[in-house]
Structures are given as C-alpha cells and as structure tokens.
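Me: I would like to go through this model with a few short questions. Please reason briefly each time and end on the value or name I ask for.

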Amino acid sequence: MSALKNLGLNVVKASVCLDSTGKHIKFAITRAFTGRKIDDPELLEAVRLTIINNMIQYHPESSSQLAMGATFGPEAPTEEVDVDIATHIDIYDDGPERSLLVVETADRPGLLVDLVKIISDISINVQSGEFDTEGLLAKAKFHVSYRGRTLTEALQQVLCNSLRYFLRRPTTEDASF
C-alpha cells in the first residue's frame, strides 16, 4: 500500500475472490489529489511494475507464478511461459442502448489506449470499460454504442475485423530477410 501511496494513489476499495484457479485480489485505486480513477497509461504501467517489483521483493516465491518471472524473478518458472495467447473477441447486446465488447488477447504496453483508439476510429462510442491482466493475458470489457444504440450485426463484424487485424500476430517470411 505504501508503494502505491508513493505514486500519489489511494486504494479506495479491495475485494478478494477465491475460486478453483486460486485467490484473486482486486483493488480500486484513485489519484490521491483528485479522487478520480487513473486514466494515464504511463501511470497505469507504473502501478503494474510497482506491484510486480513488490511481489518479487517481498514474496520471491511468487516469481515463478508471475508471467514475467522468467525475466525478472529470482526463481524461474518450472514450465516454459506460454506466450502464444489466442485473441478472443465477443460482442453481446447489453440492453437497447449499448453492446458489451469483450476482448482477450496478449498483453503489452499501451494496449488499452490502442483498443480505445481502434474502436473510436470507426465511430463507435466507448461508454465505459474494465481492463484486467492475468500474467501475459489482457482482458478488456467495453460498453459501446453507435449513435446511442446497440451495434448492428454488420457493425459488429466491422469492429471484430478491425480488432482482429490490429491484434494479429505479425508474421515474417523467411524470404524477406
């Protein structure tokens, strides 16, 4: 908590969930001087790195569980980290005025900003969003609308195609070298 306070943040709520995959802890964090949620991508990345560094420093046994433990942790994972994460995109109607877009893909710096930019570039309004990472997997949920209505099937297809194109794995032909 003190590491987050040093970044100028307050933890306003925390929840713990225990299921078959383990214990999950979620924190609601706001800026200390404004009380508003964090929207700066650089600060979000600083929070993520602070948490990872503190886990490695104070709980070195957790380094094998962290996705980046192979690089940063003192204890290497027992199994090779699987970096081939498939991208999943789903869109559901969520009432008459909005749709729910769910994206699961490989995490990387700036992903959230890029997702919102792609959505906005095709004139779809992002009403709200939730972003979570589990190791190398990023999970994003957005409430979206087009002109105050749910997305039509055609627009859903355009959005899915745009996201799939952007999130695809770059491939390089051997002959291109």
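Me: Where in the chain is Asp107 placed?
Reply: This is a predicted model, and the place of Asp107 in it is described by the elements on either side. Strand β4 covers 99-106 and helix α4 covers 111-121. Asp107 is in the loop between β4 and α4.

Me: Is Asp107 buried or exposed?
Reply: Setting aside residues up to four places away in sequence, Asp107 touches Arg48, Phe131, Thr133, Gly135, Leu136, Leu137 and Ala138. Its relative accessible area is 19%, and the limit for burial is under 20%. Asp107 therefore counts as buried.

Me: What separates the C-alpha atoms of Asp107 and Ala138?
Reply: Ala138 is among the residues that Asp107 touches. Along the chain the two are 31 residues apart. In space, the C-alpha atoms of Asp107 and Ala138 are separated by 4.8 Å.

Me: In what order do the helices and strands of the protein run?
Reply: The protein has 5 helices and 6 strands. Read from the N terminus on, the order is α-β-β-α-α-β-β-α-β-β-α.

Me: Which element gives the most residues to the largest nonpolar core?
Reply: The largest nonpolar core has 19 residues, and Leu101, Leu159 and Leu163 have the most contacts inside it. At least two residues each come from β3 (88-93), β4 (99-106), α4 (111-121), β6 (137-145) and α5 (153-167). With 5 residues, the element that gives the most is α5.

Me: Which residues does Leu159 touch, apart from those up to four places away in sequence?
Reply: Leu159 is one of the residues with the most contacts inside the largest core. Nonpolar side chains tend to be buried together in soluble globular proteins. With residues up to four places away not counted, Leu159 touches Ile91, Leu101, Ile119, Ile122, Ile124 and Leu151.

Me: How many residues does the second core have?
Reply: The second core is separate from the largest one. It includes Leu4, Ile38, Leu43 and Val47. Its residues number 6.

Me: Is Thr50 buried or exposed?
Reply: Thr50 is in helix α2, residues 41-58. Leaving aside neighbours within four places in sequence, Thr50 is in contact with Ala3 and Leu7. Because its relative accessible area is 17%, Thr50 counts as buried.

Me: What share of the residues of the protein counts as buried?
Reply: The protein has 177 residues. It exposes about 12,100 Å², with carbon and sulfur atoms supplying 52% of that area. The share of residues that count as buried is 26%.

Me: How far apart are the closest N and O atoms of Arg98 and Asp94?
Reply: Side chains of opposite charge can pair when their charged atoms come close. Arg98 is partly exposed at 30% relative accessible area, and Asp94 is partly exposed at 30%. Arg98 forms a salt bridge with Asp94, and their closest N and O atoms are apart by 3.3 Å.

Me: Which residue forms a salt bridge with Asp114?
Reply: Asp114 is partly exposed, with a relative accessible area of 25%. Its partner is partly exposed as well, at 32%. The closest N and O atoms are 2.9 Å apart, and the partner is Arg108.

Me: What separates Lys117 and Asp121 along helix α4?
Reply: Lys117 forms a salt bridge with Asp121, the closest N and O atoms being 3.0 Å apart. Lys117 is partly exposed at 49%, whereas Asp121 is exposed at 51%. Because they are 4 residues apart in α4, the separation is about one helical turn.

Me: How many disulfides does the structure hold?
Reply: A disulfide is a covalent bond between the sulfur atoms of two cysteines. Cys17 is partly exposed, with a relative accessible area of 41%, while Cys160 is buried at 13%. A search of the whole structure gives a disulfide count of 0.

Me: What accessible area do Met1, Val16, Ile25 and Phe27 have together?
Reply: Phe27 is in strand β2, residues 22-31, and is partly exposed at 38% relative accessibility. With Met1, Val16 and Ile25, Phe27 forms a nonpolar patch on the surface. Together the four have an accessible area of about 410 Å².

Key:
Residues numbered from 1 in each chain as written. Predicted model: local features only at pLDDT ≥ 70, side-chain atom pairs only at ≥ 80, totals over all residues. Heavy atoms only, no water. Core = buried A, V, L, I, M, F, W, Y, C linked by side-chain atoms within 4.5 Å. Buried < 20%, exposed > 50% of the residue type's maximum accessible area, 1.4 Å probe, protein only. Contact = heavy atoms within 4.5 Å. Areas by Shrake-Rupley, 256 points an atom, 1.4 Å probe, with all protein chains shown as cover. Salt bridge = Lys/Arg side-chain N within 4 Å of Asp/Glu carboxyl O. Patch = residues over 30% accessible without salt bridge, like charges linked within 9 Å, V, L, I, M, F, W, Y side chains within 5 Å. Disulfide = S-S within 2.5 Å.
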